[in-house]
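Visitor: Please choose one kind of feature here, the packing of helix against helix, and take me through it closely.

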Amino acid sequence: MRNKNKLVTVKYINPSEIIKLPSDQIVLVSRITLNNARAYSNLQSRESNKEAYAVLLKACHTLYVQDEKMKRPSFGVEMKITDVQKIFGKKLANLPKRSLIVKPKYQLTK
Amino acid sequence: MENFEILNSYDDICILHLSDLHINKIRNSYDSSLKLLIRDIQSQLCNTDEVILVVSGDIINKGLYNEDNKLAALAFFDDLFSELNGKIKYLVMVPGNHDKIRDNVNKLITLKAQEDEELIKGNEWEYQLKAFSGFIDIYNKLLKKYFANSDAAISNTFGVNKIELKDQNLIFIRIDTAWCSCSNDDSYKLRVGKFQAEKLVEEYQKCLNAIDNHKKNLTIGVSHFPISFLVQKEEIECNKLFLSQDKLNLDILLCGHVHDVAIAHYFNHEHSLLTLLTGIGGIDQDNSNEGHRYSIYNLNIANNSCDIIMRKSGKTSYNFDYSIYTGKERIIDNKLVYPIKVTESHPFIRLFSPNPIQTKNKFLDNDLLTLIPSISQALNDFIHDMTHIITMYKATAYDYICAENLQEESNEYLTDSLENIYEYFFLDGEISENDKTLLLYEDAISNFSGFLMEICETLIRRIKDLFNSDIIIRAHFRIYNENNDNYIALQCQSNEDNKTESPKDISWTRIMSAAFESGKIIQFSANPKLNDIDTSWEDFLTIVPRCIDNFYEKITDKSTHKHEKRPCLTFGVSIKKTQLKDINVLSLLSYLKLDEVISHIIDEYLYTFNINLKESLDKLKTIKKGNKNEK
């Protein structure tokens, strides 16, 4: 088996533990997770949660600005925990286990 | 050997075209402006190795073929041949009105011939020829001196010459349009004459018969006057003579004489005739401050291209000048670029319509051609992005599957399976049916919806700059809803997200039906009559991705159990605030097979994650319906 740890250069956090992080903590939300949220809100009515949709749009916009700069799709976008909560709300705990990443430089020292 | 011949047809044939030199003896030599001309020709042809020299008349001024002027003319050509140092491989000359020795008796006969050329028979022509004896003498002296081994000396002012250069067979038709002239200005009174036309066709056929398989590559006519200078009836006759396949079948006509007329090219449905003029602003003319022009043509038969370099004299040097040609847009890299055969140069792209007679064809122009590389690049970038995105999905899926299945490190089977999945995802390895089941992790289907959104978003990001800056573009997927036999919007992205309304649910349209049945992209602007929905979009492409299983069987008539097929998934790109260029971009996206690209990307996702299209879309439909019910 190839060393699976080689793929893990960052620390994944369990979404259910996100609540334990300070609200201004920045996490990297994977592109796929963010896209799924956006795709899901497209399936739903965008009107149902305007605030969440606005945050989502902003995050996606940031993602695509990153893409433009890198000339290719980027892995994800950095967001504050508060914004992540706005988008995913109660569903936060149901997110795939490895969809939120705390990058080493943001890792808490305590 | 054949390949060698093909490669040679990519080699340029170079023609140096001089006209209206009007040489006079001046201080024991010829005019100094002609010395400047030779120097300029020498510098322009420094990179050329083989040249055909064509002189389309008016070598001497006002028919004064006395010994002094003849010597001055020969001295000019000697200097030209010597400066070009053996590069001139062939010489083709025709007389102009100034090459005809003028006397009163000849004038009387010529004036009659201008009225009725039938008067010229047998001896009369011999008499006319005498007026050109000076011209024939110079031509023969040059042929003898520089081309001793080639064709025999000429005895007539018109004729046919076969030239073989770089494995190409070129036939030059020397046409005497000056015999019927008797002054400096005989415009619209001139004739080629039936006798000359018949003789030229006869000689041309003889020349063709002498070529293996009749393989001639180009026929080039040379005459002093353009055919618009002939008597009207003769102009019509010459059109037939020059353009008919069974007559002279000319590709190019090289002329001189004119000073201020626009150039007309002639063509019929099978054939075109490129008319090239030079010599304008003769060297000794009263209006010499206009400048004298000469031309160099580089003919490339394989590319069907004729590069024209025209140079005009100034006070101290020659410069590029294309003012007599009107095609400014054709001047590229300081030269004028024309097709040799126009009828072979009208390519178009087909804008599909299910009814063939309504299929439209968009003819290519330079604007359209310059768009193609940008659109091709944008599509390549789009494919590259989507490949990268699929890799991200694979990496995430792999991570997830590992986390789910590596609970017990000791489980040998799972470890092997994960190894296999790694190889399948990232090293193009094979995967067994058993291991495939591991791919169906819980997010695979909901990820598919996000993936379709990525397709819309990425496509728009990559193509938006091809359109005008005000454009509003929307890309969307719709899915089939069996209950209402309609299509509901699944994913949609726009470059102006806030200004664009969500796609409406629409019924099964004729455009969708046409796209599904033909397997081709349907562009609205090319099929306006097919549209049966009310839309505010100015143009759009409708695509039915040709993914595996992209159809439902629908029972349309319960009594007869008649089945009809409907695609499960459709894709579209729509535009608003459109300019003409934007419609061209859509046409070219269609031409460059955007449908193949979209179909391939979706198939790649479905195959990689072992997902069934119908099942996934059914699940997404349930989410969508559930949401509607909740509302």
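Guide: The crossing of α2(B) and α3(B) is right-handed, meaning that the near helix is turned clockwise from the far one by less than a right angle, whereas an anticlockwise turn would be left-handed. This is a predicted model, in which local features need pLDDT of at least 70 and side-chain atom pairs count only at pLDDT 80 or more, while totals for chains, interfaces and linings use all residues. Residues are numbered from 1 along each chain as its sequence is written, chains are lettered from A and ligands numbered from 1 in the order written, and side-chain values use heavy atoms, without hydrogens and water.

Helices are DSSP runs (H or I, at least four residues) numbered from the N terminus. The axes of α2 (residues 32–44) and α3 (residues 67–83) of chain B come within 10 Å and cross at roughly 20 degrees, and the two are therefore roughly parallel (angles under 35 degrees; over 145 is roughly antiparallel, 65 to 115 roughly perpendicular, the rest oblique). From α2(B), B:Leu34, B:Leu37, B:Ile38, B:Ile41 and B:Gln42 meet B:Phe76, B:Asp79, B:Leu80 and B:Glu83 of α3(B), contact meaning heavy atoms within 4.5 Å. These residues divide into six nonpolar, one polar and two charged, with Asp, Glu, Lys and Arg counted as charged.

Between chains, the axes of α2 (residues 50–70) of chain A and α12 (residues 444–463) of chain B come within 12 Å and cross at roughly 50 degrees, which makes α2(A) oblique to α12(B). There, A:Tyr64, A:Asp67 and A:Glu68 face B:Met453, B:Glu454, B:Glu457 and B:Arg461 in the contact, whose residues divide into two nonpolar, no polar and five charged.

Methods. Axes are lines fitted to C-alpha atoms, for helices over the stretch in contact, and angles run from 0 to 180 degrees between N-to-C directions.
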